[in-house]
Amino acid sequence: MLLRIALRKKSLKLTTLTTAVALAVAPMAALAQENRGPPVLRDTETEQLLREYTRPILRAAGLEKQNIQMVIINQGVFNAFVADGRRIFVNYGAIMQSETPNQIIGVMAHETGHLAGGHLAKMREQMALAQTQMIIAMLLGAGAMVAGAQGGSNSGLANAGAAMFSAPGEMIRRNLLSYVRQQEENADKAGVKFLTATGQSARGMYETFRRFTDESLFAARGSDPYVQSHPMPAQRVAALEELARSSPYWDKKDDPALQLRHDMVRAKISAFMERQDTVYRRYPLSNNSLPARYAHAIATYRHGDLRSALAQIDALIQQQPNNPYFHEVRGQALLEGGKPQEAIAPLRKAVALSNNAPLIEMLLGQALVATGNNAYTDEAIAILRAAVARESEAPIGYMQLAMAYGRKGDYAQADLASAQAAYLRGDSKTARDLASRAKTRFAIGTPGWVKADDIVNTKPLPGQKGN
(Lines give C-alpha, C1' and ligand atoms only; values in the text may rest on other atoms or scores of the structure.)
Protein backbone atom coordinates (compact mmCIF):
# COMPACT_ATOMS: atom_id res chain seq x y z
CA MET A 1 0.00 0.00 0.00
CA LEU A 2 1.67 3.21 -1.14
CA LEU A 3 0.45 6.00 1.14
CA ARG A 4 1.21 9.71 0.90
CA ILE A 5 1.18 11.53 4.22
CA ALA A 6 2.62 14.82 5.45
CA LEU A 7 5.45 14.51 7.95
CA ARG A 8 4.96 16.66 11.02
CA LYS A 9 7.25 19.64 10.91
CA LYS A 10 9.03 18.84 14.17
CA SER A 11 10.77 16.02 12.35
CA LEU A 12 12.74 18.52 10.30
CA LYS A 13 13.33 21.28 12.83
CA LEU A 14 17.01 20.41 13.15
CA THR A 15 19.81 21.15 10.73
CA THR A 16 19.91 18.76 7.79
CA LEU A 17 23.07 17.23 6.41
CA THR A 18 22.64 16.34 2.76
CA THR A 19 24.50 13.71 0.81
CA ALA A 20 27.08 14.71 -1.73
CA VAL A 21 24.61 14.13 -4.53
CA ALA A 22 22.51 17.16 -3.69
CA LEU A 23 23.44 20.62 -2.52
CA ALA A 24 20.25 21.16 -0.57
CA VAL A 25 16.97 19.52 0.29
CA ALA A 26 14.76 19.76 -2.74
CA PRO A 27 11.67 21.98 -2.61
CA MET A 28 8.72 20.12 -1.18
CA ALA A 29 5.87 19.06 -3.43
CA ALA A 30 2.36 20.43 -3.23
CA LEU A 31 1.28 17.43 -1.19
CA ALA A 32 2.83 19.04 1.89
CA GLN A 33 -0.08 21.08 3.12
CA GLU A 34 0.19 24.26 5.15
CA ASN A 35 3.90 23.87 5.94
CA ARG A 36 3.35 20.74 8.00
CA GLY A 37 6.48 19.14 6.60
CA PRO A 38 7.49 17.22 3.51
CA PRO A 39 5.12 14.59 2.12
CA VAL A 40 6.10 11.08 3.11
CA LEU A 41 5.50 7.85 1.21
CA ARG A 42 4.61 4.77 3.24
CA ASP A 43 4.93 1.30 1.76
CA THR A 44 5.68 -1.88 3.69
CA GLU A 45 7.59 -3.56 0.87
CA THR A 46 9.90 -0.59 0.25
CA GLU A 47 10.46 0.18 3.92
CA GLN A 48 11.27 -3.46 4.68
CA LEU A 49 13.86 -3.55 1.92
CA LEU A 50 15.49 -0.33 3.12
CA ARG A 51 15.60 -1.67 6.69
CA GLU A 52 17.37 -4.79 5.45
CA TYR A 53 19.82 -2.62 3.52
CA THR A 54 20.69 -0.50 6.54
CA ARG A 55 20.57 -3.03 9.39
CA PRO A 56 24.12 -4.41 8.95
CA ILE A 57 25.46 -0.90 8.35
CA LEU A 58 23.91 0.38 11.57
CA ARG A 59 25.25 -2.66 13.44
CA ALA A 60 28.77 -1.95 12.18
CA ALA A 61 28.38 1.68 13.25
CA GLY A 62 27.27 0.71 16.74
CA LEU A 63 23.81 2.18 16.15
CA GLU A 64 21.79 -1.02 15.93
CA LYS A 65 19.99 -0.39 19.23
CA GLN A 66 19.20 3.26 18.47
CA ASN A 67 16.01 2.41 16.52
CA ILE A 68 17.08 4.43 13.48
CA GLN A 69 14.11 4.71 11.13
CA MET A 70 13.99 4.99 7.35
CA VAL A 71 11.65 7.66 5.99
CA ILE A 72 10.80 7.86 2.28
CA ILE A 73 10.18 11.39 1.00
CA ASN A 74 7.83 12.01 -1.92
CA GLN A 75 10.43 13.65 -4.15
CA GLY A 76 11.66 12.34 -7.49
CA VAL A 77 15.12 13.93 -7.29
CA PHE A 78 18.09 12.04 -5.93
CA ASN A 79 18.64 13.00 -2.30
CA ALA A 80 19.08 11.56 1.16
CA PHE A 81 19.81 13.25 4.45
CA VAL A 82 19.67 12.99 8.22
CA ALA A 83 17.83 15.60 10.22
CA ASP A 84 17.14 14.56 13.78
CA GLY A 85 19.66 11.93 14.81
CA ARG A 86 17.18 9.07 14.67
CA ARG A 87 15.98 8.94 11.05
CA ILE A 88 17.51 8.62 7.63
CA PHE A 89 15.41 10.37 5.01
CA VAL A 90 15.62 9.19 1.42
CA ASN A 91 13.74 10.50 -1.61
CA TYR A 92 11.98 7.89 -3.68
CA GLY A 93 14.02 9.32 -6.56
CA ALA A 94 17.19 8.01 -4.93
CA ILE A 95 15.74 4.50 -4.99
CA MET A 96 14.53 4.87 -8.57
CA GLN A 97 17.92 6.14 -9.77
CA SER A 98 19.93 3.45 -7.96
CA GLU A 99 20.22 0.62 -10.46
CA THR A 100 21.69 -1.81 -7.93
CA PRO A 101 21.14 -2.40 -4.22
CA ASN A 102 24.80 -1.56 -3.62
CA GLN A 103 24.33 1.97 -4.96
CA ILE A 104 21.57 2.93 -2.51
CA ILE A 105 23.29 0.98 0.27
CA GLY A 106 26.36 3.16 -0.33
CA VAL A 107 24.27 6.30 0.13
CA MET A 108 22.78 4.87 3.33
CA ALA A 109 26.30 4.06 4.57
CA HIS A 110 27.30 7.69 3.97
CA GLU A 111 24.30 8.96 5.94
CA THR A 112 25.06 6.49 8.72
CA GLY A 113 28.51 8.06 8.81
CA HIS A 114 26.85 11.37 9.67
CA LEU A 115 24.85 9.74 12.46
CA ALA A 116 27.80 7.81 13.88
CA GLY A 117 29.97 10.93 13.81
CA GLY A 118 27.41 12.96 15.73
CA HIS A 119 27.53 15.52 12.92
CA LEU A 120 24.11 17.00 13.67
CA ALA A 121 25.03 17.96 17.23
CA LYS A 122 28.43 19.21 16.14
CA MET A 123 26.89 21.26 13.35
CA ARG A 124 24.51 22.90 15.79
CA GLU A 125 27.50 23.78 17.97
CA GLN A 126 29.30 25.28 14.98
CA MET A 127 26.24 27.30 13.99
CA ALA A 128 25.85 28.61 17.54
CA LEU A 129 29.53 29.54 17.55
CA ALA A 130 29.14 31.28 14.20
CA GLN A 131 26.19 33.28 15.54
CA THR A 132 28.23 34.34 18.57
CA GLN A 133 31.14 35.34 16.36
CA MET A 134 28.82 37.36 14.14
CA ILE A 135 27.31 39.20 17.12
CA ILE A 136 30.75 40.05 18.51
CA ALA A 137 31.90 41.27 15.10
CA MET A 138 28.82 43.46 14.75
CA LEU A 139 29.30 44.94 18.22
CA LEU A 140 32.94 45.69 17.51
CA GLY A 141 32.02 47.22 14.17
CA ALA A 142 29.31 49.36 15.76
CA GLY A 143 31.75 50.51 18.42
CA ALA A 144 34.32 51.51 15.84
CA MET A 145 31.73 53.42 13.85
CA VAL A 146 30.59 55.32 16.93
CA ALA A 147 34.17 56.21 17.78
CA GLY A 148 34.77 57.24 14.17
CA ALA A 149 31.71 59.45 14.15
CA GLN A 150 32.95 61.22 17.26
CA GLY A 151 36.28 61.83 15.56
CA GLY A 152 34.74 63.28 12.42
CA SER A 153 32.88 62.05 9.38
CA ASN A 154 36.06 61.26 7.48
CA SER A 155 37.63 59.31 10.31
CA GLY A 156 39.35 56.05 9.39
CA LEU A 157 37.69 54.46 12.40
CA ALA A 158 34.29 54.98 10.82
CA ASN A 159 35.42 53.32 7.59
CA ALA A 160 37.03 50.50 9.53
CA GLY A 161 33.86 49.98 11.52
CA ALA A 162 31.79 49.71 8.37
CA ALA A 163 34.22 47.15 6.98
CA MET A 164 33.99 45.13 10.18
CA PHE A 165 30.26 44.63 9.52
CA SER A 166 30.86 42.85 6.22
CA ALA A 167 34.25 41.09 6.37
CA PRO A 168 33.65 38.84 9.41
CA GLY A 169 30.35 37.59 8.00
CA GLU A 170 32.03 36.28 4.85
CA MET A 171 34.84 34.73 6.86
CA ILE A 172 32.45 33.04 9.27
CA ARG A 173 30.38 31.71 6.37
CA ARG A 174 33.47 30.24 4.71
CA ASN A 175 34.57 28.65 7.97
CA LEU A 176 31.15 27.08 8.44
CA LEU A 177 31.08 25.70 4.88
CA SER A 178 34.60 24.37 5.32
CA TYR A 179 33.40 22.54 8.41
CA VAL A 180 30.49 21.03 6.45
CA ARG A 181 32.87 19.85 3.71
CA GLN A 182 35.02 18.15 6.32
CA GLN A 183 31.97 16.40 7.72
CA GLU A 184 31.08 15.15 4.24
CA GLU A 185 34.58 13.75 3.77
CA ASN A 186 34.41 12.08 7.17
CA ALA A 187 31.02 10.56 6.31
CA ASP A 188 32.52 9.15 3.10
CA LYS A 189 35.34 7.52 5.03
CA ALA A 190 33.00 6.16 7.68
CA GLY A 191 30.64 4.82 5.02
CA VAL A 192 33.40 2.88 3.30
CA LYS A 193 34.53 1.57 6.68
CA PHE A 194 31.04 0.28 7.49
CA LEU A 195 30.63 -1.32 4.07
CA THR A 196 33.97 -3.11 4.40
CA ALA A 197 33.12 -4.27 7.92
CA THR A 198 29.91 -5.85 6.59
CA GLY A 199 31.59 -7.51 3.61
CA GLN A 200 30.02 -5.18 1.06
CA SER A 201 31.54 -3.27 -1.81
CA ALA A 202 31.89 0.51 -1.75
CA ARG A 203 31.74 0.47 -5.52
CA GLY A 204 28.07 1.50 -5.63
CA MET A 205 28.78 4.49 -3.43
CA TYR A 206 31.62 5.54 -5.70
CA GLU A 207 29.55 4.95 -8.87
CA THR A 208 26.72 7.11 -7.53
CA PHE A 209 28.96 10.06 -6.67
CA ARG A 210 30.91 9.73 -9.91
CA ARG A 211 27.70 9.70 -11.93
CA PHE A 212 26.59 12.97 -10.43
CA THR A 213 30.01 14.45 -10.99
CA ASP A 214 29.92 13.47 -14.67
CA GLU A 215 26.48 15.02 -15.00
CA SER A 216 27.70 18.18 -13.24
CA LEU A 217 24.60 17.99 -11.06
CA PHE A 218 26.18 19.74 -8.15
CA ALA A 219 29.52 20.86 -9.62
CA ALA A 220 30.17 24.46 -10.58
CA ARG A 221 33.39 24.21 -12.53
CA GLY A 222 35.68 27.16 -12.10
CA SER A 223 33.90 28.39 -8.97
CA ASP A 224 35.55 29.03 -5.64
CA PRO A 225 35.80 25.63 -3.92
CA TYR A 226 35.53 27.24 -0.52
CA VAL A 227 32.00 28.44 -1.13
CA GLN A 228 30.79 24.95 -2.05
CA SER A 229 28.86 23.14 0.67
CA HIS A 230 30.58 19.92 -0.42
CA PRO A 231 34.12 19.26 -1.62
CA MET A 232 34.72 19.86 -5.30
CA PRO A 233 33.44 16.77 -7.13
CA ALA A 234 36.65 15.69 -8.88
CA GLN A 235 38.62 15.80 -5.64
CA ARG A 236 35.83 14.16 -3.68
CA VAL A 237 35.36 11.30 -6.11
CA ALA A 238 39.07 10.72 -6.58
CA ALA A 239 39.57 10.39 -2.85
CA LEU A 240 36.53 8.13 -2.56
CA GLU A 241 37.66 5.91 -5.43
CA GLU A 242 41.09 5.39 -3.87
CA LEU A 243 39.49 4.49 -0.56
CA ALA A 244 36.80 2.26 -2.08
CA ARG A 245 39.24 0.33 -4.28
CA SER A 246 41.36 -0.50 -1.25
CA SER A 247 38.51 -2.68 0.06
CA PRO A 248 38.86 -6.43 -0.56
CA TYR A 249 35.18 -6.41 -1.53
CA TRP A 250 35.48 -3.91 -4.40
CA ASP A 251 34.41 -6.47 -7.04
CA LYS A 252 31.73 -8.18 -4.93
CA LYS A 253 28.35 -8.26 -6.71
CA ASP A 254 24.88 -7.98 -5.23
CA ASP A 255 23.05 -11.22 -4.59
CA PRO A 256 20.70 -11.91 -7.55
CA ALA A 257 17.72 -12.42 -5.21
CA LEU A 258 18.39 -9.04 -3.60
CA GLN A 259 18.75 -7.43 -7.01
CA LEU A 260 15.33 -8.82 -7.98
CA ARG A 261 13.72 -7.38 -4.84
CA HIS A 262 15.37 -4.04 -5.58
CA ASP A 263 14.02 -4.10 -9.13
CA MET A 264 10.55 -5.01 -7.87
CA VAL A 265 10.46 -2.04 -5.51
CA ARG A 266 11.65 0.30 -8.26
CA ALA A 267 8.91 -1.02 -10.56
CA LYS A 268 6.30 -0.54 -7.85
CA ILE A 269 7.39 3.05 -7.17
CA SER A 270 7.36 3.82 -10.87
CA ALA A 271 3.85 2.41 -11.31
CA PHE A 272 2.44 4.37 -8.37
CA MET A 273 4.34 7.63 -8.78
CA GLU A 274 4.89 8.16 -12.50
CA ARG A 275 2.62 8.86 -15.46
CA GLN A 276 1.30 5.84 -17.29
CA ASP A 277 3.24 6.65 -20.46
CA THR A 278 6.44 6.99 -18.41
CA VAL A 279 5.82 3.62 -16.77
CA TYR A 280 5.44 1.94 -20.16
CA ARG A 281 8.57 3.61 -21.49
CA ARG A 282 10.48 2.20 -18.55
CA TYR A 283 8.76 -1.17 -18.81
CA PRO A 284 7.53 -1.76 -22.37
CA LEU A 285 4.92 -4.44 -22.92
CA SER A 286 7.59 -6.51 -24.65
CA ASN A 287 9.39 -6.75 -21.28
CA ASN A 288 8.10 -9.92 -19.63
CA SER A 289 10.29 -9.77 -16.53
CA LEU A 290 8.69 -10.03 -13.11
CA PRO A 291 9.37 -6.36 -12.23
CA ALA A 292 7.90 -5.21 -15.56
CA ARG A 293 4.78 -7.31 -15.05
CA TYR A 294 4.45 -5.89 -11.52
CA ALA A 295 4.59 -2.36 -12.91
CA HIS A 296 2.10 -3.20 -15.67
CA ALA A 297 -0.41 -4.69 -13.21
CA ILE A 298 -0.30 -1.72 -10.85
CA ALA A 299 -0.44 0.83 -13.67
CA THR A 300 -3.40 -1.01 -15.19
CA TYR A 301 -5.51 -0.90 -12.02
CA ARG A 302 -4.51 2.68 -11.24
CA HIS A 303 -5.80 3.78 -14.61
CA GLY A 304 -9.19 2.12 -14.36
CA ASP A 305 -8.97 -1.34 -15.93
CA LEU A 306 -9.64 -3.41 -12.83
CA ARG A 307 -10.54 -6.66 -14.59
CA SER A 308 -7.33 -6.73 -16.63
CA ALA A 309 -5.28 -5.69 -13.59
CA LEU A 310 -6.67 -8.53 -11.48
CA ALA A 311 -5.81 -11.04 -14.18
CA GLN A 312 -2.25 -9.71 -14.26
CA ILE A 313 -1.97 -9.75 -10.46
CA ASP A 314 -3.31 -13.31 -10.32
CA ALA A 315 -0.59 -14.36 -12.74
CA LEU A 316 2.00 -12.82 -10.43
CA ILE A 317 0.49 -14.63 -7.43
CA GLN A 318 0.59 -17.89 -9.35
CA GLN A 319 4.33 -17.40 -9.88
CA GLN A 320 5.02 -16.32 -6.27
CA PRO A 321 2.06 -17.46 -4.12
CA ASN A 322 3.77 -16.50 -0.85
CA ASN A 323 4.64 -12.95 -1.85
CA PRO A 324 2.57 -10.83 0.58
CA TYR A 325 2.83 -7.72 -1.57
CA PHE A 326 1.11 -9.31 -4.56
CA HIS A 327 -1.86 -10.16 -2.33
CA GLU A 328 -1.71 -6.65 -0.87
CA VAL A 329 -1.86 -5.06 -4.33
CA ARG A 330 -4.78 -7.30 -5.26
CA GLY A 331 -6.65 -6.21 -2.15
CA GLN A 332 -5.81 -2.56 -2.70
CA ALA A 333 -6.97 -2.72 -6.32
CA LEU A 334 -10.31 -4.25 -5.27
CA LEU A 335 -10.78 -1.78 -2.41
CA GLU A 336 -10.04 1.24 -4.59
CA GLY A 337 -12.19 -0.31 -7.32
CA GLY A 338 -15.22 -0.18 -5.03
CA LYS A 339 -15.20 -3.87 -4.06
CA PRO A 340 -14.25 -3.88 -0.35
CA GLN A 341 -15.93 -7.23 0.37
CA GLU A 342 -13.78 -8.94 -2.26
CA ALA A 343 -10.69 -7.13 -0.98
CA ILE A 344 -10.90 -8.76 2.45
CA ALA A 345 -9.61 -12.24 1.50
CA PRO A 346 -6.42 -11.14 -0.31
CA LEU A 347 -5.70 -8.58 2.43
CA ARG A 348 -6.08 -11.25 5.12
CA LYS A 349 -3.57 -13.32 3.18
CA ALA A 350 -1.21 -10.35 2.87
CA VAL A 351 -1.39 -9.68 6.61
CA ALA A 352 -0.60 -13.30 7.42
CA LEU A 353 2.29 -13.56 4.93
CA SER A 354 3.79 -10.23 6.06
CA ASN A 355 3.82 -11.19 9.73
CA ASN A 356 1.05 -8.71 10.52
CA ALA A 357 2.63 -5.65 8.91
CA PRO A 358 0.73 -2.72 10.45
CA LEU A 359 0.26 -0.74 7.23
CA ILE A 360 -1.30 -3.78 5.59
CA GLU A 361 -3.44 -4.35 8.68
CA MET A 362 -4.70 -0.79 8.28
CA LEU A 363 -5.67 -1.55 4.70
CA LEU A 364 -7.53 -4.66 5.85
CA GLY A 365 -9.26 -2.62 8.55
CA GLN A 366 -10.26 -0.08 5.92
CA ALA A 367 -11.77 -2.82 3.75
CA LEU A 368 -13.74 -4.24 6.70
CA VAL A 369 -15.11 -0.80 7.54
CA ALA A 370 -15.87 0.04 3.91
CA THR A 371 -18.17 -2.97 3.52
CA GLY A 372 -20.71 -1.24 5.77
CA ASN A 373 -21.36 -4.63 7.37
CA ASN A 374 -21.65 -4.24 11.16
CA ALA A 375 -20.63 -7.86 11.57
CA TYR A 376 -17.08 -6.80 10.76
CA THR A 377 -16.96 -3.84 13.18
CA ASP A 378 -15.42 -5.55 16.21
CA GLU A 379 -12.84 -7.31 14.03
CA ALA A 380 -11.95 -4.03 12.33
CA ILE A 381 -11.48 -2.31 15.69
CA ALA A 382 -9.25 -5.10 16.99
CA ILE A 383 -7.09 -5.10 13.85
CA LEU A 384 -6.79 -1.32 13.69
CA ARG A 385 -5.97 -0.98 17.40
CA ALA A 386 -3.16 -3.51 16.99
CA ALA A 387 -1.91 -1.67 13.90
CA VAL A 388 -1.80 1.81 15.45
CA ALA A 389 -0.14 0.41 18.57
CA ARG A 390 2.84 -0.62 16.42
CA GLU A 391 2.60 2.14 13.80
CA SER A 392 1.58 5.22 15.73
CA GLU A 393 2.32 7.92 13.13
CA ALA A 394 0.05 6.87 10.26
CA PRO A 395 -3.15 8.95 10.45
CA ILE A 396 -5.07 6.57 8.18
CA GLY A 397 -5.14 3.97 10.95
CA TYR A 398 -6.80 6.38 13.37
CA MET A 399 -9.18 7.64 10.69
CA GLN A 400 -10.43 4.12 10.00
CA LEU A 401 -10.57 3.37 13.72
CA ALA A 402 -12.75 6.46 14.24
CA MET A 403 -15.15 5.24 11.56
CA ALA A 404 -15.33 1.77 13.11
CA TYR A 405 -16.01 3.17 16.58
CA GLY A 406 -18.63 5.52 15.14
CA ARG A 407 -20.38 2.60 13.47
CA LYS A 408 -20.45 0.82 16.81
CA GLY A 409 -21.85 3.90 18.55
CA ASP A 410 -18.78 4.42 20.75
CA TYR A 411 -18.53 8.16 20.12
CA ALA A 412 -16.00 8.83 22.85
CA GLN A 413 -13.45 6.53 21.21
CA ALA A 414 -14.46 7.81 17.77
CA ASP A 415 -13.74 11.40 18.80
CA LEU A 416 -10.43 10.40 20.38
CA ALA A 417 -9.30 8.50 17.28
CA SER A 418 -10.35 11.42 15.07
CA ALA A 419 -8.38 13.79 17.30
CA GLN A 420 -5.29 11.57 17.03
CA ALA A 421 -5.62 11.51 13.23
CA ALA A 422 -5.95 15.30 13.09
CA TYR A 423 -2.90 15.73 15.32
CA LEU A 424 -0.83 13.48 13.06
CA ARG A 425 -1.98 15.50 10.04
CA GLY A 426 -0.67 18.62 11.78
CA ASP A 427 -4.11 20.16 12.40
CA SER A 428 -3.73 21.01 16.09
CA LYS A 429 -6.90 23.09 16.33
CA THR A 430 -9.15 20.32 15.04
CA ALA A 431 -7.28 17.80 17.20
CA ARG A 432 -7.85 19.86 20.34
CA ASP A 433 -11.53 20.49 19.51
CA LEU A 434 -12.20 16.79 18.98
CA ALA A 435 -10.19 15.81 22.06
CA SER A 436 -12.12 18.33 24.16
CA ARG A 437 -15.37 16.76 23.04
CA ALA A 438 -13.97 13.29 23.73
CA LYS A 439 -13.14 14.33 27.30
CA THR A 440 -16.80 15.09 27.94
CA ARG A 441 -17.72 11.56 26.84
CA PHE A 442 -15.11 9.68 28.92
CA ALA A 443 -15.21 9.23 32.68
CA ILE A 444 -12.60 11.49 34.30
CA GLY A 445 -9.29 9.73 34.85
CA THR A 446 -9.92 6.83 32.49
CA PRO A 447 -7.22 6.01 29.88
CA GLY A 448 -9.29 7.57 27.09
CA TRP A 449 -9.83 10.77 29.10
CA VAL A 450 -6.09 11.00 29.84
CA LYS A 451 -5.16 10.59 26.15
CA ALA A 452 -7.71 13.22 25.14
CA ASP A 453 -6.42 15.57 27.84
CA ASP A 454 -2.86 15.14 26.56
CA ILE A 455 -3.96 16.26 23.08
CA VAL A 456 -5.90 19.22 24.47
CA ASN A 457 -2.83 20.43 26.35
CA THR A 458 -0.34 19.84 23.55
CA LYS A 459 0.96 23.10 22.16
CA PRO A 460 0.83 23.40 18.35
CA LEU A 461 4.13 23.10 16.54
CA PRO A 462 5.39 25.92 14.30
CA GLY A 463 3.47 25.84 11.02
CA GLN A 464 0.55 23.84 12.39
CA LYS A 465 -3.06 25.00 12.47
CA GLY A 466 -3.22 25.92 16.12
CA ASN A 467 -5.48 28.93 16.38
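**Helix 3.** I started with how enclosed this helix is in the predicted model. I found 15 of its 16 residues buried, so helix 3 is largely enclosed by the rest of the structure. Next I checked its length: at 1.5 Å a residue, the 16 residues (101-116) should span 22 Å, and the end C-alpha atoms are indeed 22 Å apart.

**Helix 1 against helix 3.** I keep in mind that a packed pair is described by the angle and the distance between the axes. Here the axes of helix 1 (residues 44-60) and helix 3 come within 10 Å and cross at roughly 40 degrees. That angle makes helix 1 oblique to helix 3. I noted the crossing as right-handed. From helix 1, Tyr53, Thr54, Ile57 and Leu58 make the contact. On the helix 3 side I listed Pro101, Ile104, Ile105, Met108, Ala109 and Thr112.

**Cores.** Which residues touch the most other members of the largest nonpolar core? I got Val90, Met108, Tyr294 and Met362, out of 103 residues. Met108 is a nice one to meet again, as it also belongs to the contact with helix 1. For Met362, leaving out residues up to four places away in sequence, I found contacts with Leu384, Ala387, Val388, Glu391, Ala394, Ile396 and Gly397. Apart from this core lies another, of 12 residues, including Ala412, Ala438, Phe442 and Trp449.

**Helix 17.** Ala412 led me here, where it is buried along with others, among them Leu416, Gln420 and Leu424. The 15 residues of helix 17 (411-425) should span 21 Å at 1.5 Å each, which agrees with end C-alpha atoms 21 Å apart. Just after the helix, I saw Gly426 take a positive phi of about 90 degrees.

Terms used:
Residues are numbered from 1 along each chain as its sequence is written. This is a predicted model: local features need pLDDT of at least 70, side-chain atom pairs count only at pLDDT 80 or more; totals for chains, interfaces and linings use all residues. Side-chain values use heavy atoms; hydrogens and water are left out. Helices (H or I, at least four residues) and strands (E, at least two) are DSSP runs, numbered from the N terminus. The expected span of a helix is 1.5 Å times one less than its number of residues. Buried means under 20% relative accessible area, exposed over 50%, partly exposed in between (1.4 Å probe, protein chains only). A nonpolar core is a set of buried Ala, Val, Leu, Ile, Met, Phe, Trp, Tyr and Cys residues joined through side-chain atoms within 4.5 Å. Contact means heavy atoms within 4.5 Å. Axes are lines fitted to C-alpha atoms, for helices over the stretch in contact, and angles run from 0 to 180 degrees between N-to-C directions. Angles under 35 degrees count as roughly parallel, over 145 as roughly antiparallel, 65 to 115 as roughly perpendicular and the rest as oblique. A crossing is left-handed if the near helix is turned anticlockwise from the far one by less than a right angle, and right-handed if clockwise.
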